[in-house]
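Me: I would like to go through this model with you. Could you take my questions one at a time?

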Amino acid sequence: MLFCSLILPVWLNLIVNPKHVGSDEDVPSWLTNQVVQSHIKAIFDGIERIDVVLGDPGSNEANPQELLDVLIHRGSVDSPPILGGKSIRLYREVIPRDEQEGCDSDRSLLSAIIEMEEGDDEAAELEAELLDVIDREYEDEWRFIEWDRTYESFARIWDQNHDFGYMVFVRWRAFELSMRCLLDPYATYLFVLSEGSAFEMEKLKEFMSSVWTREGVFKVFFLLDEKIFTYDPFMTNGIRKYGVMKELISPADIPRVPQGDFNGYPIKIDVFRSTYSDTILDKQGKVVEFIGADIEAGRAFTEAMNFTPTYLPPDKDGFGFKLPNGSFNGVIGRLARRESDITFVGFFIKDYFSRDVEFTTGIYTDELCCLVKKASRVPEYLLPITIFPADLWTLLFLTGILFSITWVIIRAGIQAKSRTGVRWNQKSRLAYLFNLSNDIRDAPLYRKMVQICVDTYILLVSGPYQRFTRSGTERLMLFGIIMVSLIFVSMFQSSLSSVFLNPVYYKDIDSLQRLDESGLQIPVKYKGFTDDVFPANYSPMMDSLRSKMVYNPIKTSMMELVSHSTKIATVTRRTTLSLDNAVFISTKQLFMVPECPRLYNLAYVVPRHSVLLEGINVLILQMLNGGLINHWIDVMNFNVTIRDWEQIRSSHEESFKILTLIDMQFPFYLLAIGLILSGVIFLIELVYYRISTMSALKRRRRRVKQGTPRLLGILNGRI
């Protein structure tokens, strides 16, 4: 079949060619019928781009040159051209060679720009033939699109105009084979059937009803001789019945989407358990009712637009994802097959790899965050040590050494200054000035320095200090040490009571970097999370975290699984934690990594090019401006607080406790350890004293025994 296309704006005042004059007898009668012309103009009113598709040249149609000339340029005797002032694209139909290429095929046809071939003699001849009709004065400005003569190319070029209008001259059989599956809800179609009034109206009505149900298309008109028929899906046909096949009598009969009142039209709604849509179960565990912010938005929509809602049973696959065969399951699959009209469950606005669904306007935002098991509690016997971090303990230790060195330097300076005066009894005077004990006064220099260091740390920890110096210079320095000690001990004591009253935990995984370093596996319940939670090729850390994600569609709660394992983490929505899983956070079972990798806008989802989308968006914006969505979310949060009040109260009670003897066992352990050590040291000193005393007694006896003969000899000599 021949196929060509031409894109051209045909402006009425510029294109009319007085040189070419045809006769109205060479065109179909409907083209000279004023009523039919007014109806066609009303059908394409407001549509600036129209595809004119010519049928089989072998059909009993009029001369295409005359037909196009009247449609685009001349018009009839008393009326301007029907398509005057429109941008026209002209091409011929293509009938598939076999059923595997046409509308009976299972393959999906995607929109694309076709790169056309050059050097096609047959297309050039057709271009020369039709160009003389369409634009004889400006032929250098226009170029026909050449093509590869396949049905797939025809379908793609057809789909490029899916937002505008089509006027098609075709036989019914050719329409069924090549165009039935290419209809789009946003476009307007006028099919001029060559069968005329001989066509069966019941067959036409059956087709229109099915194409509305399956594809959501209703702006389809059929011209049979001098009558135009269409299908109005919103017109009542008896009680609780909708959809009427009617003839256009006036432009008011053109079907349109109702504005604000659908007169009880039935609408199929998909809902399932999610963050803002909860379930109420009966005693058998069956879903009785849905509640939540999303459900309230759906009810407000159906009441305001006067719909009769039908809530479909929840799909077991929830949101749904793409299957290996290219189809989709879950709610996305239902919407793609138009088994439901809308889902009032918030979807992340992202690419789900399906061109058959469409988002409404954004409703709210949410983040995807990582959850890990809460770090374990610090044992009570380590609480006094964990009050201050390691660097603060190190600073305190170094401060004691610095003060000790300063004290030694000050004391050395005082001693050096005392040597310049009178030197008699200097040792006794300095011992009195520094208030030294007899043991320290006679001890070597290193022993005195060690004692200064011990005294410094005693003062730093506010220990009992008896032999305070009488030197004014040293007293000033010791006053500074005591002030530092006062601050440190006060902080320690206040923190000590706090850590005993409030549970203290080890450091949690508080960043994505630490999560990556931990090596935890990240299983998720929803397959969509594996695609874009951690963006690919963003950074080595994100790629590493992405490689750790595993799809695990378990039926149990992933939160509960993570709360019992230190080897896995998971990903969930931030709002889920405050609603469904608040108990895990309040009872310190899970910890949310503050650094969330993704922030999304969420919206409801409808089938692609749904005629209800505009009205849905208007009503959603009104609810957002009125604060209704936020109000319903706040109500959900309040209800969750009431529902889990006992758990929340118990968790708060666990955060504060009364000190008991068990909590104070650590000081008694320290006391016992100190008493044992002091007892051991006392025994060691006692043994050492006994051994030293016995050794001294033996040495004395030995000296006496050695000196007795000599003394006797001296006494005998004198005698």
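The exchange below covers the overall make-up, the strands, the cysteines, the aromatic rings and the annotated segments.

Me: Before the details, what kind of model is this, and how are residues numbered?
Reply: This is a predicted model, in which local features need pLDDT of at least 70, side-chain atom pairs count only at pLDDT 80 or more, and totals for chains, interfaces and linings use all residues. Residues are numbered from 1 along each chain as its sequence is written, and side-chain values use heavy atoms, with hydrogens and water left out.

Me: How many helices and strands are there in the chain?
Reply: The chain has 25 helices and 21 strands. These are DSSP runs numbered from the N terminus, with helices being H or I of at least four residues and strands being E of at least two.

Me: And what share of the residues is buried?
Reply: Of the 719 residues in the chain, 43% are buried. Buried means under 20% relative accessible area, exposed means over 50%, and partly exposed lies in between, with a 1.4 Å probe and protein chains only.

Me: What part of the contacts comes from residues 24 or more positions apart?
Reply: Such residues account for 74% of the contacts with a separation of 6 or more, where contact means heavy atoms within 4.5 Å.

Me: Turning to strand 14, how many of its residues are buried?
Reply: Seven of the seven residues in strand 14 (residues 342-348) are buried. In a regular strand the side chains alternate between the two faces of the sheet. Here both faces are covered, with Ile342, Phe344, Gly346 and Phe348 buried on one side and Thr343, Val345 and Phe347 buried on the other.

Me: Which strands pair with strand 14, and in what sense?
Reply: Strand 10 (residues 265-270) pairs with strand 14 in the parallel sense over two bridges, while strand 21 (residues 598-607) pairs with strand 14 in the antiparallel sense over three bridges. Two strands pair if DSSP finds at least two bridges between them.

Me: Which residues stand opposite each other there?
Reply: Ile269 stands opposite Ile342 of strand 14, and Asp270 stands opposite Thr343. On the strand 21 side, Leu602 is the bridge partner of Phe348.

Me: What else does strand 10 pair with?
Reply: Strand 10 also pairs with strand 13 (residues 307-312), in the parallel sense over six bridges. In that pairing Asp270 stands opposite Leu312.

Me: Changing topic, how many disulfides does a search of the whole structure find?
Reply: The search finds one disulfide, defined as a pair of cysteine sulfur atoms within 2.5 Å. Cys369 and Cys596 form the bond, with their sulfur atoms 1.9 Å apart. The link is right-handed, with 95 degrees about the S-S bond.

Me: Where do Cys369 and Cys596 lie?
Reply: Cys369 lies in strand 16 (residues 364-373) and Cys596 lies in the loop between strand 20 (590-592) and strand 21, so the pair ties together parts that are 227 residues apart in sequence. Both cysteines are buried.

Me: Why is Cys370 not bonded to Cys369?
Reply: The sulfur of Cys370 is too far for a bond, because the closest cysteine sulfur, in Cys369, is 7.4 Å away. Cys370 is buried, with a relative accessible area of 1%, whereas Cys453 is partly exposed at 27%.

Me: On to the rings: how many aromatic pairs does the structure hold?
Reply: The structure holds 43 aromatic pairs. Rings of Phe, Tyr and Trp (its six-membered ring) pair if their centres lie within 6.5 Å, and planes under 30 degrees apart count as stacked, over 60 as edge-to-face and the rest as tilted. The rings of Trp172 and Phe207 have centres 5.5 Å apart and planes at 90 degrees, so this pair is edge-to-face. The pair links Trp172 in helix 6 (residues 172-178) with Phe207 in helix 7 (residues 201-215), 35 residues apart.

Me: Are Trp172 and Phe207 buried or exposed?
Reply: Trp172 counts as buried at 4% relative accessibility, and Phe207 counts as buried at 8%.

Me: Finally, which residues does UniProt list for "transmembrane region"?
Reply: The unreviewed UniProt entry lists residues 392-410, 476-496 and 668-691. Over residues 392-410 the chain is 100% helix and 0% strand, with the end C-alpha atoms 27 Å apart. Residues 476-496 are likewise 100% helix and 0% strand, with end C-alpha atoms 30 Å apart. UniProt positions are given in the numbering used here, feature names are shortened, and annotations may be inferred rather than shown by experiment.
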